[in-house]
Amino acid sequence: MIEGTRASTTPQGEPVAAQRASFVGRERELAALQVAIDHALAGRGRTLLVVGPAGIGKTRLVEEALAAASPPAARVFWARCPDQSGAPAFWPWRRVLRALLEPLADD
């Protein structure tokens, strides 16, 4: 279980009020995410895809893994798949790449 007071942002970068947080379970998943984060921070990049039904806690799982990262993860890009049909092909990947390349737009 992880407990603490934390302030966070949503995947869209919107602030979330500081809250008292408890996180129980998912030790195996947290450990796997921590290994991937450690590899990425050591220069062996990783792409992680967390999938599951809506409301199962995917966002919270990743937030907890990033909060526990040591040293803190520097750059993390989020994207969500819309719950409705008709989204453009590769929509989440396009959003991540757009966010990644945005700082280079002036160049």
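## The largest pocket

Helix 2 is the top contributor to the lining of the largest pocket, giving six residues. Keep in mind as you look around that this is a predicted model. Helix 1 and helix 3 belong to the picture too: along with helix 2, each supplies at least two residues of that lining.

How much space lies in the largest pocket? The value is about 1,300 Å³. The lining counts 38 residues, and those closest to the pocket centre are Leu48, Leu49, Phe77, Trp78 and Ala79.

## Phe77 and the surface patch

Phe77 is worth a second look. You will find this residue in the loop between helix 2 (58–68) and helix 3 (91–101). Besides being among the residues closest to the centre of the largest pocket, Phe77 takes part in a nonpolar surface patch of about 430 Å². Its partners in that patch are Leu97, Leu100, Leu101 and Leu104.

Is Phe77 buried or exposed? Phe77 falls in between: its relative accessible area is 31%, so it counts as partly exposed. Patch residues need over 30% relative accessible area, so that value clears the cut-off.

## The nonpolar core

In soluble globular proteins, nonpolar side chains tend to be buried together. Here, the largest nonpolar core is made of seven residues, namely Phe23, Leu30, Leu33, Ile37, Leu61, Ala65 and Ala69. Two elements give two or more residues to this core: helix 1 (27–41) and helix 2. Helix 1 provides the largest share, with three residues.

Helix 2 thus appears in both settings, as a contributor to this core and as the element that gives the most to the lining of the largest pocket.

Technical notes
Residues are numbered from 1 along each chain as its sequence is written. This is a predicted model: local features need pLDDT of at least 70, side-chain atom pairs count only at pLDDT 80 or more; totals for chains, interfaces and linings use all residues. Side-chain values use heavy atoms; hydrogens and water are left out. Patches are made of residues with over 30% relative accessible area and no salt bridge: like charges are joined within 9 Å, nonpolar side chains (Val, Leu, Ile, Met, Phe, Trp, Tyr) within 5 Å. Accessible areas come from the Shrake-Rupley method with a 1.4 Å probe; for residues, only the protein chains shown count as cover. A salt bridge is a side-chain nitrogen of Lys or Arg within 4 Å of a carboxyl oxygen of Asp or Glu. Helices (H or I, at least four residues) and strands (E, at least two) are DSSP runs, numbered from the N terminus. Buried means under 20% relative accessible area, exposed over 50%, partly exposed in between (1.4 Å probe, protein chains only). A nonpolar core is a set of buried Ala, Val, Leu, Ile, Met, Phe, Trp, Tyr and Cys residues joined through side-chain atoms within 4.5 Å. On a 1 Å grid over the protein atoms alone, a cavity is a set of points where a 1.4 Å probe fits but cannot get out, and a pocket is an open set with protein on both sides within 12 Å along at least five of seven lines; lining residues have an atom within 4 Å of a point. Grid points are joined across faces, edges and corners, and a volume is the space filled by probe spheres set on the points.
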